[in-house]
Amino acid sequence: MTSGTIIESVKDAIAVASTIIESTEKEVSWLVPAPLLVFAARFSLLEKSRVLIQKGGHARGITEISPPYVEVVRELIDIGTGVRHVEQYTGAFMVVGDSRQSISTIGVNVADHSLDGKIIAFWSADPDYAAYLLSSFDRTWAEATDAQERIQELGESGPSHL
Amino acid sequence: MIMGERIIIESVKDALAVASTIVESAEEEVAWLLQPALLVFCFQFGITNKSKMLIEKGGHVRGITKVSGTYLDPVRKLLDNGEEVRHIDQYQGAFMLVGDKKESISSINVNIEDPSLDDPIVAFWTDDKAYADFLIATFDAAWGEAVDAEKRLQEL
């Protein structure tokens, strides 16, 4: 019995994240660099989140919202995902489904955010590991800014930002 | 499932205590990635002395941190002890310490600007081998891109 699997490409990490969201029944929480949100949209992860929310599930996400990613964040908000913004994104990545399945990185591998980029991520189905990730997530969530507020701020900085 | 023991650690003080135990029980190798401000606590908690003892017994210690003007002395002492240290420019707040590629304590983000021993953190201790493999793979990738600390000290 393996205790976890190392994932080594952005493409594979997105595929694993997709499977996690698809199999989630209650709640998915994610912390993702904004460039990866675009891939998430392209690979139907937003659609899978929408299906989860329509079935009564919850989705929460944290990212660093900057002008190029306002549109994808708006899509997430429109489907019912709770989104918050962190000012100084630390580079960590995590997706946790139903407090059990997770894929995560520890944030030192400065990601090449192309689909073929290298990543070192860890997939696990251990509830204790998920509890640790969710504890980190919740702390970041509490300090993060509501996405609507952030988008408004960016709008106030000038229309060219949106 | 992650096999073996695993515990969530919730303060800087407890994380240092766990790190100290890991270094003490390591027989061959320790790898760490640490915020420079926390290096000072490693000296206070005797972790650096334990690393030195490991090296004297033939073990290896490798560490990555952000070497800046404020923390030149601790880094020099680590090098004097025989630790291999490298510098990364863009430290992103992660923390890890792995002993003998098995026991580990790690955190996604402990980027506290002015840490105190009682600061809350969220760290994960485990002796799961697969998790240690993941941490070491992450460490090695960072190590490959990091700059030798001696060179960095010269630059500074």
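Student: What lies across E1 and strand E7 (120–126) of chain B, and at what angle to E7(B) does it run?

Tutor: Helix H5 (residues 127–143) of chain A does, running at about 165° to E7(B). Angles run from 0 to 180 degrees between N-to-C directions, along axes fitted to C-alpha atoms, for helices over the stretch in contact. Helices (H or I, at least four residues) and strands (E, at least two) are DSSP runs, numbered from the N terminus. This is a predicted model, where local features need pLDDT of at least 70, side-chain atom pairs need 80 or more, and totals for chains, interfaces and linings use all residues. Residues are numbered from 1 along each chain, with chains lettered from A and ligands numbered from 1 as written.

Student: What makes E1 and E8 of chain B edge strands?

Tutor: Each pairs on one side only, and pairing takes at least two DSSP bridges. They end the order E1-E7-E6-E5-E2-E3-E4-E8 in an open, mixed sheet of eight strands.

Student: How do you know that E5 (residues 95–99) and E6 (residues 103–107) of chain B pair?

Tutor: Five bridges join them, and at least two are needed, so they pass. B:Met96, for one, has B:Ser106 in E6(B) as its bridge partner.

Student: Why are H4(A) and H6(A) called roughly antiparallel?

Tutor: Their axes cross at roughly 150°, coming within 11 Å. Under 35 degrees is roughly parallel, over 145 roughly antiparallel, 65 to 115 roughly perpendicular, and the rest oblique. H4(A) and H6(A) are therefore roughly antiparallel.

How values were computed: Two residues are in contact if their C-beta atoms, placed from the backbone, lie within 7 Å.
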